[in-house]
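Student: I have a model open and would like to talk it through with you. Could we go over burial, sheets, cysteines and salt bridges?

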Amino acid sequence: MTPQDLKEYIYENDKVDFVLNEIGCHHIKLNKNKEYYSCGNVDGDNPSCILVFNDKYLNVINYTREEYFRKNSTFSPDIFTLVQYNLSRDNKTFDFSDAIKYLHKLFDLPITFKKEVKKEKKIDPLAVFKKVIRNSTPDYEDLADINEIEQMDYIPFIHIELFKEGITQPTIDEFGLAYSNIHKRNIIPLRYWLDGKLLGYNMRTVVSNYDKFGIKKYFITPTYPKNQNLFGLWENKKYIQEKGYVVVYEAEKSVLKRHSRLDKTGVAISGHSLSNEQARILIGLNVDIVISMDKDVSINEVRYICEKFYGIRNVYYTYDKHDLLNPKDSIADAPKKIYDFIFKYKIKYDETEHKKYLKSLEEKEVWISRSILRKTSEELSQLCRDLNIDTLWSWSRVHSYMNSKYEYFLKYIKHIREDNDNCAYAPLGGIAHETLEKFYGNEITYDQMYDEFDTGWMLNIDIVDLKFNRNDKAKNDSIKNKYKQNLDHFYRHHKVLKSDENNKFELEKFMLIKFRDDIYLQGYIDVLRILEDGTYVVGDWKTSTIYKGKKALDECGQLVTYAIGVHQLYNVPFDKIKIGWNFLKYQNVTVEQKNGKKKVREIERCKLGSSLTSNVKTWLKHFKYDEKEIDDFIVKLVDSNSIEYLPKEVQEKFEFNDCWVYVELTEELVNLWTNTIVSNIDEINAKTKEFNETNNDKLFWDNEESVKSQSYYYANLCGYSANLLLPYKQYLEKLEAEKGGIDLLSDTKKSYDAGTSNEDMDLMNSLLEGILNG
């Protein structure tokens, strides 16, 4: 099992209390709402200083051992951290990996790190008729009834934040809304659509920074049969019948807000997936159906929902084509004029829409599923035979020679296996790419991207202990922490690429590029986009330090190579091709200035809060906040690394996007890289031929100046040690002699630094990510 699967196994099989008892915790109690367990430390007397949250993540708060839990957790402390702490009291060497092994052994489970992802079945557009006719109706008597007395500490009011969103007293009364002061949550009763039976509650926290405390934003009664019910239908059924239509929202709050505005036609499906039973209920109302998902739900997901009603009921959907809503808003969040406008121009799901949906399925198969399949070695060999060439080059192979001739010699001529494989960058770069491929290939959801990357991180960093810096622990820890923070932020805030009839994209697009009759390169474009205006965008996911100016021109060879391939394959002029990187560790922040002009800043994601303090102060002063208020807001900005706690009028001055950096594709740039690639390949071929005749490895010897400039790469990132990388070994021996016999060859645990770190990191990422794409 993967670590996350293991946590889910413990949670789903009610084994939390068993684990706590086994590791020596005492006074173990499950709170009355089954939201968390409390217990005491194995080496302490406090009976409730530990909270273990009862969900699939099993996060832990230890109020009396906070420093240990903070230092021994990559992100949020969890059940593994607690096991590690308790069992390390008797065995000081007991670490995180031991905790994983201990739990697997405790439940007799196999250890594996391959996460299984269930693929969705291909959609049958006619299946709706079968589903409606043959759908098995759930046994109404099996629905669990919640005793109304369980509202004991609730009061019949709502928190001020919900009131500010426009929920009025008549709505509070009719839906029975309440507030729990003990749990600090607004309470929404969930009633069965047919008879009003209370089936559960949706409780939303009002605690700021809830995620930092391991508190869930929502807590829904575990027994609530979400897929068999429609929130609001019990309360609004009469008005829906009178109006002749029902509006289907994602969230309960949307229904409540519209009800407060005297629009009682809404129901909520509690998510953006509509079950077959919910579709059956809606069809049974015998009214028109309007699908109104939040703005961040793709048009094809909306059409998929509409397909369930196509040909059975009149079905429409709302679509914000004029970009009037905020990115994650519901139409119910909009002011009256905007709501009325979008609702008035709702789109009828007719035959034309149906055909668009079917076409999108075909395009998705062509543009995504097809492209992720890589060529086999046999297919590449066949290409060589077809083209009558001996070698089909890749960018990573050519670039390896440009970076270090002797490393190229070891890898591609001597075929010697790497002996120094503890570098973190290549595995993590691969995981970062694979996570995005799985998301855009519909194997995982947006919210699952974080978990997907986190599982890979846990294996490679927490378990295998790969290094970012082999020789300096402090630097390694610093790089590691920032890398994780940056990538965590990216997978929670990635701007999804636009995909519709006019904007297409393809992942891992195979390219065959001709430079001369005897020189071809092959490779895979991370993402190839075709925009509405016919522009082709060659894009590369990049986990390195950002490139700017001359650095970007020096590092764009791979993108230029693939642009030449696009030009050849699609007969597209170079002025209709863009090349650029998406630097995953950064965000483009557009800041409005006092003079009304806008400036774009590229900011490292883990430093967003601290980097924006000056801009935020300027606007807080502009809006007449006093010094104490400004100081408080700045503290929240830096602590949360987010503008979400700033006044709305200040937030509106900032816009956040992925950090795409483009290089202008000119004729001069194309010629420069064409000549560079051809000349290096000619040089490689000549030296290889001579080596085969003379067996003289000095032909590929890197000179001392080159080795010195690459010394950080060799010491920390290269896959070959100095024992094999002879020019580097010679360089270290010379340094050893100059420094009085200090052993630099065995310097894997000592500090060795040469060159500027940013440039070294850029070089390293270029090499390693080139290998991934080559």
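Student: What percentage of the 774 residues counts as buried?

Tutor: This is a predicted model, where local features need pLDDT of at least 70 and side-chain atom pairs count only at pLDDT 80 or more, while totals for chains, interfaces and linings use all residues. Residues are numbered from 1 along each chain as its sequence is written, and side-chain values use heavy atoms, with hydrogens and water left out. Buried means under 20% relative accessible area, exposed over 50%, and partly exposed in between, with a 1.4 Å probe and protein chains only. Of the 774 residues, the buried share is 50%.

Student: How much area does the protein expose, and what part of it do carbon and sulfur atoms supply?

Tutor: Accessible areas come from the Shrake-Rupley method with a 1.4 Å probe; for residues, only the protein chains shown count as cover. The protein exposes about 38,100 Å², and the part from carbon and sulfur atoms is 49%.

Student: Which strands stand at the edges of the sheet ordered 11-10-12-13-14?

Tutor: Helices (H or I, at least four residues) and strands (E, at least two) are DSSP runs numbered from the N terminus, and two strands pair if DSSP finds at least two bridges between them. This open sheet has 5 strands and mixed pairing. An edge strand has a single partner, so one side of it is left without a neighbour in the sheet; that holds for strand 11 (266-268) and strand 14 (347-348).

Student: Inside that sheet, which residue stands opposite Val 290?

Tutor: Strand 12 (residues 288-291) runs parallel to strand 13 (residues 315-317), and 3 bridges join them. Opposite Val 290, in strand 13, is Tyr 316.

Student: Now the sheet ordered 1-2-3-4: by what angle are its neighbouring strands turned on average?

Tutor: The 4 strands form an open, antiparallel sheet. Strand 1 (26-30) and strand 4 (60-62) are its edge strands, each pairing on one side only. Axes are lines fitted to C-alpha atoms, for helices over the stretch in contact, and angles run from 0 to 180 degrees between N-to-C directions. With direction ignored, the average turn between neighbours is 15°.

Student: How many disulfides are there, and why does Cys 423 not bond to Cys 718?

Tutor: A disulfide is a covalent bond between the sulfur atoms of two cysteines; here the criterion is a pair of cysteine sulfur atoms within 2.5 Å. Cys 423 is buried at 8% relative accessibility, and its closest cysteine sulfur, in Cys 718, is too far for a bond at 9.4 Å. The disulfide count is 0.

Student: In the salt bridge of Glu 353 and Lys 356, which residue counts as buried?

Tutor: A salt bridge is a side-chain nitrogen of Lys or Arg within 4 Å of a carboxyl oxygen of Asp or Glu, and the closest N and O atoms of this pair are 3.8 Å apart. Both residues lie in helix 14 (residues 351-372), 3 residues apart, about one turn of the helix. Lys 356 is partly exposed at 34%, whereas the buried residue, at 6%, is Glu 353.

Student: What is the N to O distance between Arg 516 and Asp 518?

Tutor: Arg 516 is partly exposed at 32%, and Asp 518 is partly exposed at 43%. Their side chains meet in a salt bridge, N to O, at 2.8 Å.

Student: Which residues are linked with Glu 165 in a network of salt bridges?

Tutor: The salt bridge count comes to 36. In the network, Glu 165 is joined by Lys 253, Lys 257 and Asp 333.
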